[in-house]
Amino acid sequence: METRTLYRPVGPKELQLLKDSGFRRWPPRLPEQPIFYPVTNEQYAIEIASRWNVKDDAVGYVTKFEVRRSFMDRYEIQTVGGSYHTEWWVPAEELEQLNDNIVGLIEVIGEYRKPI
């Protein structure tokens, strides 16, 4: 089975929800979050976690997970800034389908904190 590697920067609240799921599923989107947007590369995920999540929550995390390629191939990769600012836009109503196509566990691969 072929998979795609996805990355997602998260703050402490979303990380707790991941822990609650046993690192198996992403939590439902909030009403003001119509899109779940995992990113295509670790560099971009680190940038978001270390700049935006740290600014908002004093800590940010980078997660990594595998999804069946046959599922992810239905989504086009979107470029939203620089050449490596690439992500998939998964509609919130399709998040449970994405969760059903995760292979293995969602891993935390980085932690970034506000300097003291």
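Q: Buried means under 20% relative accessible area, exposed over 50%, and partly exposed in between. Which class does Arg25 fall in?
A: The model is predicted. The relative accessible area of Arg25 is 28%. That value lies between the 20% and 50% cut-offs, so Arg25 is partly exposed.

Q: Which residue forms a salt bridge with Arg25?
A: Arg25 sits in the loop between α1 and β2 (35–36). The partner is in helix α4, 75 residues apart from Arg25. The closest N and O atoms are 2.9 Å apart. The partner counts as exposed, at 51% relative accessibility; it is Asp100.

Q: Is Asn99 buried or exposed?
A: Asn99 is found in helix α4. Leaving aside neighbours within four places in sequence, Asn99 is in contact with Arg24, Arg25 and Trp26. The relative accessibility of Asn99 is 3%. The cut-off for burial is under 20%, so Asn99 counts as buried.

Q: How many residues does the largest nonpolar core have?
A: Nonpolar side chains tend to be buried together in soluble globular proteins. Here, the residues with the most contacts inside the largest core are Trp26, Phe36, Phe65, Val67, Met72, Leu98 and Ile102. Elements that each supply at least two residues include β1 (3–10), α1 (12–20) and β7 (102–113). The residue count of this core is 19.

Q: Which element gives the most to this core?
A: Among the elements supplying at least two residues each are α3 (69–72), α4 (95–100) and β3 (59–68). The top contribution is 4 residues. It comes from β3.

Q: How many residues are in the second, separate core?
A: This core includes Tyr7, Val39, Tyr44 and Ile48. Those four are part of the set. The full count is 7.

Q: Which residue of the nonpolar surface patch lies in the loop between β5 (86–88) and β6 (90–91)?
A: The patch is formed by Ile35, Tyr37, Val80 and Trp89, with about 320 Å² of accessible area together. The residue in that loop is partly exposed, with a relative accessible area of 38%. Leaving aside neighbours within four places in sequence, Phe36 is in contact with it, as well as with Arg8, Trp26 and others. The loop residue is Trp89.

Q: Which residue meets Glu2 in a salt bridge?
A: Glu2 lies in the segment before β1, and its partner is in helix α3, so the pair ties together parts that are 67 residues apart in sequence. Glu2 is exposed, at 56% relative accessible area, while the partner is partly exposed, at 30%. The N to O distance is 3.6 Å. The partner is Arg69.

Q: What is the N to O distance in the salt bridge of Arg4 and Asp73?
A: Arg4 is in strand β1 and Asp73 in the loop between α3 and β4 (77–79), so the pair ties together parts that are 69 residues apart in sequence. Salt bridges that share partners join Arg4 and Asp73 with Glu2 and Arg69 in one network. The Arg4 to Asp73 distance is 3.0 Å.

Q: What is the radius of gyration of the protein?
A: The protein has 4 helices and 7 strands. The globule rule gives 13 Å for 116 residues. The value for the model is close to that, so the protein is as compact as a globular protein of that length. The radius of gyration is 14 Å.

Terms used: Residues are numbered from 1 along each chain as its sequence is written. This is a predicted model: local features need pLDDT of at least 70, side-chain atom pairs count only at pLDDT 80 or more; totals for chains, interfaces and linings use all residues. Side-chain values use heavy atoms; hydrogens and water are left out. A nonpolar core is a set of buried Ala, Val, Leu, Ile, Met, Phe, Trp, Tyr and Cys residues joined through side-chain atoms within 4.5 Å. Buried means under 20% relative accessible area, exposed over 50%, partly exposed in between (1.4 Å probe, protein chains only). Contact means heavy atoms within 4.5 Å. Patches are made of residues with over 30% relative accessible area and no salt bridge: like charges are joined within 9 Å, nonpolar side chains (Val, Leu, Ile, Met, Phe, Trp, Tyr) within 5 Å. Accessible areas come from the Shrake-Rupley method with a 1.4 Å probe; for residues, only the protein chains shown count as cover. A salt bridge is a side-chain nitrogen of Lys or Arg within 4 Å of a carboxyl oxygen of Asp or Glu. The radius of gyration is taken over C-alpha atoms; the globule rule is 2.2 Å times the number of residues to the power 0.38.
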